[in-house]
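User: Could you take a close look at the side-chain contacts in this model for me? I'd like to know which residues meet, and how.

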Amino acid sequence: MSAKDLLIQLFGLPKGEIIFQDYSCALKGLISKYGRVFIAENHICFYANLAGSKTNLVIKLDDVSKLDSKNKSDIDITLKDGRTFCFNGFHDKDQVYNLMNALISGQPLSNQQTMQTTTDSARDDDSQIENAEVEIQFLQQGASMDQEMCKFTFSFNLDKFFEFFFADDALVYSIADHRQSEKDTDIQLTKWTPMEDNPAMFQREMKNVIKLTGVPFKDKSRMHKLFTYKKEADKLIYTCTTHTLDVPYGNSFQAEEKWEVSQLEDNKCLLKIFASVVFTKSTMMKGTIMSKTMSGLKEDYEKWINNVKIRLEAMAKSQKSQTSNINHEFEDSKKLDDNILNKIMQTNQSQQQKQNTSQSQLYQGRKSELLYLLSIFLLIIIMLIQIGILNKQSQKLENLELLVLKLQQR
């Protein structure tokens, strides 16, 4: 089956439909979908396949009410039902716009515009190196050869793994942290959003610029990564599709990664990483591309796990230090409390002694007062007794005098 027949079957086009041209581009949205637009006799078609998420869009030219080219990169197609589709990232936007406009308005096509898809596919790969966006074509079955690259066991559960490394605000080491550690620039990372056709699966994308070594006339390249993840009770599946835009033959392949994180017993989890190189175009450099890409991925995994270990060890030391500080603070607080308690007890004892002394002194004073009062009371009694005795003696003397007087009178 020819490429033209495959395209007609893929988009459900009428048999005999002429496909004039195809271009690498992106369908703009919350997360842009990078693929190819195919301009046919009566239709404009777009196809993207990123990490298993397929987009297959077919627009009838008769349904188009307006075609706009508002800026240097975007082409807006507005349908009669009000829907609008925006495409950008073209290598030559004006050429695409002119072809679309000619077909929609019924203008005659130039010889250049009537080139067939098969002729376009035969263009030299080097002409696409400077392509502004990622090229994604149909992936043939069997083109991907998954290879288990490495596996690691972590001493925490599946939920912690996600929070530490994959979450939007990863606590330990995020993908953005990793790219920054590799001195990448212009890093743009979106938040996780649920996929329209599968709400249980989430996706986000990242654009950045990396440094290149060993590439003639190139010292850096733009990158585009599309991430997806699906979380289950005991497993997490995380994928990454990577396109390197500014390297030789960069439009002919993509790197695909799959991370499987499984929950183990004893609150542990196991990470297995699989990688593959998927070719979207045939090229005589396939062996070299695959070797260099897999070698680069392996080196990147080694750097990732080393940095993760450093971060985890630092976090463990920090927690240990915090625990130690808490223990020291507890001991210091305990010592302080003991000192304060001893001081309080000493103060209480001193106050008690003073109180006892004061009470004793008060008791002695009161005792002295009682003794003094008692002695005075005894003196008064003695005096009264003496007065009584004197009174009796005086009475006796008076009686005696009276007796003497009576005797003298006789």
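Analyst: Happy to help; here are the ring pairs, then the charged contacts, then a nonpolar surface patch.

This is a predicted model, so local features need pLDDT of at least 70 and side-chain atom pairs count only at pLDDT 80 or more, while totals for chains, interfaces and linings use all residues. Residues are numbered from 1 along each chain as its sequence is written, and side-chain values use heavy atoms, leaving out hydrogens and water.

Let's begin with the rings. The structure holds 23 aromatic pairs, meaning rings of Phe, Tyr and Trp (its six-membered ring) with centres within 6.5 Å; planes under 30 degrees apart count as stacked, over 60 as edge-to-face and the rest as tilted. One of them joins Phe154 and Phe161: the centres are 5.3 Å apart and the planes stand at 65°, so this pair is edge-to-face. Both Phe154 and Phe161 are buried, a label for under 20% relative accessible area, with exposed meaning over 50% and partly exposed lying in between (1.4 Å probe, protein chains only).

Phe166 and Tyr238 pair in another way: their ring centres are 3.9 Å apart with planes at 10°, so they are stacked. Because Phe166 belongs to helix 4 (residues 158-166) and Tyr238 to strand 13 (residues 235-244), this pair ties together parts 72 residues apart in sequence. Helices (H or I, at least four residues) and strands (E, at least two) are DSSP runs, numbered from the N terminus. Phe166 has a relative accessible area of 3% and is therefore buried; Tyr238, at 5%, also counts as buried.

Now to the charged side chains. There are 15 salt bridges, each a side-chain nitrogen of Lys or Arg within 4 Å of a carboxyl oxygen of Asp or Glu. Among them is the contact between Arg222 and Asp246, at 2.6 Å from N to O. Arg222 sits in strand 12 (residues 220-231) and Asp246 in the loop between strand 13 and strand 14 (253-264), so the bridge links distant parts of the chain, 24 residues apart. Arg222 is partly exposed at 27% relative accessible area, whereas Asp246 is buried at 8%. Asp169 and Lys191 form another salt bridge, at 3.8 Å from N to O; here Asp169 is exposed, with a relative accessible area of 58%. Arg179, Asp184 and Asp300 are linked in a network of salt bridges.

Lys258 takes part in two contacts. Its side chain meets Glu260 in a salt bridge of 3.5 Å, N to O, and Lys258 also lies over the face of Phe274, 5.5 Å from the ring centre. A charge sits over a ring when NZ of Lys or CZ of Arg is within 6 Å of the ring centre and within 35 degrees of the ring normal. Lys258 is partly exposed, with 28% relative accessible area, and Glu260 is buried at 19%. Arg204 likewise lies over the face of Phe227, at 5.7 Å from the ring centre.

Finally, the nonpolar patch. Residues including Leu371, Leu374, Phe377 and Ile389 form a nonpolar patch on the surface. Leu374 is found in helix 6 (residues 286-409) and, at 45% relative accessibility, counts as partly exposed. The UniProt record (unreviewed entry) places a "transmembrane region" at residues 370-390. In the model, that span is 100% helix and 0% strand, with its end C-alpha atoms 30 Å apart.

Note on methods:
Patches are made of residues with over 30% relative accessible area and no salt bridge: like charges are joined within 9 Å, nonpolar side chains (Val, Leu, Ile, Met, Phe, Trp, Tyr) within 5 Å. Accessible areas come from the Shrake-Rupley method with a 1.4 Å probe; for residues, only the protein chains shown count as cover. UniProt positions are given in the numbering used here, feature names are shortened, and annotations may be inferred rather than shown by experiment.
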